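Work through the following exercises with the sequence and the coordinates open beside you. Each task is followed by a solution that goes step by step.

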Amino acid sequence: MKKTSIYFSLIFFCILLFTSCEKADSSYNISSPDNNISVKFNLSTTGQPMYLVTYKDQIVIDSSFMSFDFKDLPSLKDNFEIVNATTGTADETWSMPWGEQLEVRNNYKELIVSLEEQSEAKRLLNIHFKVYNDGVGFRYE
């Protein structure tokens, strides 16, 4: 009886050890307010940012890698780690002083992914995704 309880304790300890050593999420999803458009962000195995866009579960932009090349600096390409990810929503209306319509509805869901380069430079990069009912936008910061 003692041997079996030792084996069970050892197995439980191994499971606990492996589950507590999991890496932080490297994949995030955000959908439009009507849930028709979805953006999936993740890091490749080399730590390069990438995203995929679907519309009604059909891929419209397949795995697009993100990077910056500079003239006199190393590229911002890979070896990144996600340090934070936040989401938000907005649904507001603002008046346009000229144009075809007087009021514009600004309705979206947002994902902000904060990355840190794992090299000596430790450069930081934020990527903002905004997903509307009729499209997707993103910017680097």
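**Exercise 1. Strand pairing around β6**

Determine which residue of β6 stands opposite Ser95, and then follow the pairing of β6 on to β7.

Solution. Since this is a predicted model, each step below describes computed geometry. Start at Ser95, which stands opposite Glu103 in β6. This position belongs to a ladder in which β5 and β6 run antiparallel and are joined by 15 bridges. Next, turn to the pairing of β6 with β7, which is likewise described as antiparallel and extends over 9 bridges. Within that pairing, Glu116 has Leu124 of β7 opposite to it. Finally, inspect the hairpin that β6 and β7 form, where 6 residues lie between the strands and Lys122 takes a positive phi near 55 degrees. As for solvent cover, 11 of the 15 residues of β6 are buried, so that the strand counts as mostly covered.

**Exercise 2. Salt bridges**

Find how many salt bridges the model contains, and state for each whether its partners are buried or exposed.

Solution. The criterion needed here is a side-chain nitrogen of Lys or Arg within 4 Å of a carboxyl oxygen of Asp or Glu. Applying it gives a count of 2 salt bridges. One of them joins Arg105 to Asp91, with the closest N and O atoms 2.8 Å apart. This pair links distant parts of the chain, as Arg105 belongs to strand β6 (residues 103-117) and Asp91 to strand β5 (residues 80-95), with their positions 14 residues apart in the numbering. Arg105 and Asp91 are both exposed. The other salt bridge is formed by Glu117 and Arg123, whose closest N and O atoms are also 2.8 Å apart. Here the surroundings are of the opposite kind, for both Glu117 and Arg123 are buried.

**Exercise 3. The open sheet**

Establish the strand order of the open sheet of 4 strands, and identify which strands lie at its edges.

Solution. Begin with the order, which reads β1-β2-β3-β4 with antiparallel pairing. The edge strands are then β1 (27-31) and β4 (58-65), each of which pairs on one side only. With direction ignored, neighbouring strands of this sheet are turned by 15 degrees against each other on average. At the β1 edge, 5 bridges connect β1 with the antiparallel strand β2 (residues 37-43). One can check this pairing at Tyr28, whose bridge partner in β2 is Phe41.

**Exercise 4. A nonpolar surface patch**

Identify the residues that make up the nonpolar patch on the surface, and classify the exposure of Tyr55.

Solution. The patch consists of Tyr55, Val60 and Ile61, which together present about 260 Å² of accessible area. Of these, Tyr55 lies in strand β3 (residues 49-55). To classify Tyr55, note that partly exposed covers the range between the buried limit, under 20%, and the exposed limit, over 50%. Tyr55 counts as partly exposed because its relative accessibility is 38%.

**Exercise 5. Aromatic pairs**

Count the aromatic pairs, and compare the geometry of Phe68 and Phe70 with that of Tyr108 and Tyr132.

Solution. The count comes to 8 aromatic pairs. Phe68 and Phe70 form a stacked pair, with 6.1 Å from centre to centre and 20 degrees between the planes. Phe68 is partly exposed because its relative accessible area is 32%, and Phe70 is partly exposed because its relative accessible area is 36%. The pair of Tyr108 and Tyr132 is tilted, with 5.3 Å from centre to centre and 55 degrees between the planes. This second pair links distant parts of the chain, with Tyr108 in strand β6 and Tyr132 in strand β7 (residues 124-132), 24 residues apart. Tyr108 is buried because its relative accessible area is 10%, whereas Tyr132, at 24% relative accessibility, counts as partly exposed. As a last step, follow the ring pairs that link Phe41, Tyr51, Phe68, Phe70, Phe129, Phe138 and Tyr140 into a cluster.

Note on methods:
Residues are numbered from 1 along each chain as its sequence is written. This is a predicted model: local features need pLDDT of at least 70, side-chain atom pairs count only at pLDDT 80 or more; totals for chains, interfaces and linings use all residues. Side-chain values use heavy atoms; hydrogens and water are left out. Helices (H or I, at least four residues) and strands (E, at least two) are DSSP runs, numbered from the N terminus. Buried means under 20% relative accessible area, exposed over 50%, partly exposed in between (1.4 Å probe, protein chains only). Two strands pair if DSSP finds at least two bridges between them. Axes are lines fitted to C-alpha atoms, for helices over the stretch in contact, and angles run from 0 to 180 degrees between N-to-C directions. Patches are made of residues with over 30% relative accessible area and no salt bridge: like charges are joined within 9 Å, nonpolar side chains (Val, Leu, Ile, Met, Phe, Trp, Tyr) within 5 Å. Accessible areas come from the Shrake-Rupley method with a 1.4 Å probe; for residues, only the protein chains shown count as cover. Rings of Phe, Tyr and Trp (its six-membered ring) pair if their centres lie within 6.5 Å; planes under 30 degrees apart count as stacked, over 60 as edge-to-face and the rest as tilted.
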